[in-house]
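Here are some notes on the model you sent round, set out as numbered points. Please read them with the structure open.

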Amino acid sequence: MSGQSITDRITAAQHSVTGSAISKTVCKATTHEIMGPKKKHLNYLIQCTNEMNVNIPQLADTLFERTTSTSWVVVFKSLTTTHHLMVYGNERFIQYLASRNTLFNLSNFLDKSGLQGYDMSTFIRRYSRYLNEKAVSYRQVAFDFTKVERGSDGVMRTMNTEKLLKTISVIQNQMDALLDFNVNANELTNGVINAAFMLLFKDAIRLFAAYNEGVINLLEKYFDMKKVQCKEGLDLYKKFLTRMTRISEFLKVAEQVGIDRGDIPDLSQAPSSLLDALEQHLASLEGKKVKDSTAASRASTLSSAVSSLANTGMSFSKVDEREKQAALEEEQARLKALKEQRLKELQKNPTTATTDSSPVSLDGTIDSAPVLDPFSTTNSTTGFTASPAPQQPQNLHFINADFDSVFGNNTNANNLDSTDVLGGILKPTVASSPHQSMTLNSQQPHPKLVSDDLDSSLANLVGNLGIGNGRAKNDLHWNQSDEKKLTGGTNWLPNTAPSTIWNPATMAPSAVAFPAATPTGMMAYAMPPRMGSMMITQPTMMYTQPVMRSPNPFGPSPGAQMQFM
């Protein structure tokens, strides 16, 4: 952060607030620091071009916007970043640039802030022209010359004559724009222009390799061309010889600034006799008098020239292999460094090897934690307390219901008493595990209250639940007072009817354990959710007016309508 200006920091902060990671990275890659764009920022932007959800026009427009700065550093680094993405990014980035009518308009750029600004502005104008020409070339031929397949089956070696002549002309225009950068070794004085020169150097090698293969194809077809084609082909070959001299000078500058000699290809020129043979063949087509030359001598000259150019192509291929190998070694070194860093982190803090953030552990196994069951008796948050040893309930406000005494002491649901018709039908299913069951609190053993007679069974059931203790008692009162005495426990909900005061006999509370599938409402009233094929349905009362009711809750009330649902 020391070399960044206040403007850089403010701009980065603005992009952080807006949440635009791409704009923030572009800003960081094109700061006012006099150094090339950082590799981590370039790698991030390259990855962005490979993501289908990234807006490529927005990314390109952000770079174009940075070139409107008055600082030569920001503009130069913006051009370098764009060039890097054109070479190493996804092809759809350069496709978008080729589809635009205008790209960089920096032909009049000039930074007057200092002497260095004047010098660098010259190279900015040249560099922008090359990037524009690179995009235009892609628009004309629909591929990048620096990325085409080379060799005997390559793109440039298999073109037909008409298309070949047009394509070589396009390559020459792009090569001219690159060589017009025209920088000397003593002018590469800072990291910004050095980063641009390295990209230009790699483009020059690949571009000239494609150029060289196009010329080889041209020479192989030259003696079979028409007169107009031969004239155009001869002109292209003469320009090729001129550009070979210029590219040699460019490669010398690269060697002077410290580029490895093994990364610089050897250029082999065709013999001068080839040019004479080409000119004589064109003159013969035009009807001029030329020296007589046999087909054998002409073929020999052509073969020698093609062999020389092929050696140059092999030299370019070796450079490509060295670059690929260097890139592979660099990637392996980076992965090794990341692995060592990870091991050091694990040694300092072994707990980071756990799967807190991922269900898959480092050894490939899946870490599965126990699932919390809100209805399990082992969970103390559900209202029931589980313990391996029996414990006394602690003031649980549930309706006291002893199902063992009410429905018979049936310890095994699979072994039903043959004399008990209802048997275990009315008894809720209770888990037999000591860790999942609750100890039922019963004061005194009761006789079997469910018999074959339904009326007797209901009467005994009512008596056991404490409603009137089995005899008529005036425990039900109707009043219009505002005082309401609510009983029944924490889960009891009053009905929206005239206030009723129930005075059940005081009985010791007990906690009842239910299976995990028991509905919550039935747990509150300690009633089983389903009682086999027989269910006890209480009559639904509908009152037309508040009247005095009979002490018997199951008897009819005078003056009231009663419907049985």
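**Notes on the predicted model**

1. T80 sits in helix α5. The model is a predicted one, and in it T80 is buried, since its relative accessible area is 4%, below the 20% under which a residue counts as buried. G36 is 44 residues away from T80 in sequence, yet their C-alpha atoms are 8.1 Å apart in space.

2. A second pair of this kind involves F109 and T70, which are 39 residues apart in sequence and 8.4 Å apart in space, C-alpha to C-alpha. F109 belongs to the loop between α6 and α7. Although F109 is a loop residue, it is buried, with a relative accessible area of 10%.

3. L110 is also in the loop between α6 (91–99) and α7 (115–141). L110 is partly exposed at 38% relative accessible area, whereas F109 is buried at 10%. Together with L115 and Y118, L110 makes a nonpolar surface patch of about 320 Å². L110 can be part of such a patch because its 38% is over the 30% relative accessible area that patch residues must have.

4. Salt bridges come next. Side chains of opposite charge can pair when their charged atoms come close. How many salt bridges does a search of the whole structure find? The search gives twelve. Three of them are taken up in the points that follow, beginning with R100 and D61.

5. R100 and D61 meet through their side chains, with an N to O distance of 3.0 Å. R100 is in the loop between α6 and α7, while D61 is in helix α4 (residues 56–66), so this salt bridge ties together parts that lie 39 residues apart in sequence. D61 is partly exposed, with 35% relative accessibility.

6. In the salt bridge between D203 and K134, the closest N and O atoms are 3.2 Å apart. The two residues come from distant parts of the chain, D203 from helix α9 and K134 from helix α7, with their positions 69 residues apart in sequence. Is this pair buried or exposed? D203 has 0% relative accessibility and counts as buried; K134, at 2%, counts as buried too. The pair also belongs to a network of salt bridges that links K134, D144 and D203.

7. R157 and E220 form a salt bridge in which the closest N and O atoms are 3.8 Å apart, within the 4 Å limit used for such pairs. R157 lies in the loop between α7 and α8 and E220 in helix α9, so parts 63 residues apart in sequence are tied together here. R157 is partly exposed at 22% relative accessibility, and E220 is partly exposed at 41%. By contrast, D203 in the preceding point is buried at 0%.

8. Two backbone angles deserve a look. Most residues other than glycine have a negative phi. A142 is not a glycine, yet its phi is positive, at about 70°. A142 is in the loop between α7 and α8 (161–179), and it is exposed, with a relative accessible area of 55%. N182, likewise a residue other than glycine, has a positive phi near 50°. N182 is placed in the loop between α8 and α9.

9. The last topic is the second largest pocket, which has a volume of about 1,200 Å³. It is lined by 38 residues, and those closest to its centre are Y88, K202, R206, E323 and A327. The elements that contribute two or more residues to this lining are α3 (39–50), α5 (72–88), α9 (191–222) and α12 (295–348).

10. Which element gives the most to the lining of the second largest pocket? It is α12, with 13 residues. As for the character of the lining, 16 residues are nonpolar, 16 are charged and six are polar. Helix α5, which holds T80, is one of the elements that give two or more residues to this lining. Helix α9, home of D203 and E220, is another.

Technical notes:
Residues are numbered from 1 along each chain as its sequence is written. This is a predicted model: local features need pLDDT of at least 70, side-chain atom pairs count only at pLDDT 80 or more; totals for chains, interfaces and linings use all residues. Side-chain values use heavy atoms; hydrogens and water are left out. On a 1 Å grid over the protein atoms alone, a cavity is a set of points where a 1.4 Å probe fits but cannot get out, and a pocket is an open set with protein on both sides within 12 Å along at least five of seven lines; lining residues have an atom within 4 Å of a point. Grid points are joined across faces, edges and corners, and a volume is the space filled by probe spheres set on the points. Helices (H or I, at least four residues) and strands (E, at least two) are DSSP runs, numbered from the N terminus. Ala, Val, Leu, Ile, Met, Phe, Trp, Tyr, Cys and Pro count as nonpolar, Asp, Glu, Lys and Arg as charged, and the others, Gly among them, as polar. Patches are made of residues with over 30% relative accessible area and no salt bridge: like charges are joined within 9 Å, nonpolar side chains (Val, Leu, Ile, Met, Phe, Trp, Tyr) within 5 Å. Accessible areas come from the Shrake-Rupley method with a 1.4 Å probe; for residues, only the protein chains shown count as cover. Buried means under 20% relative accessible area, exposed over 50%, partly exposed in between (1.4 Å probe, protein chains only).
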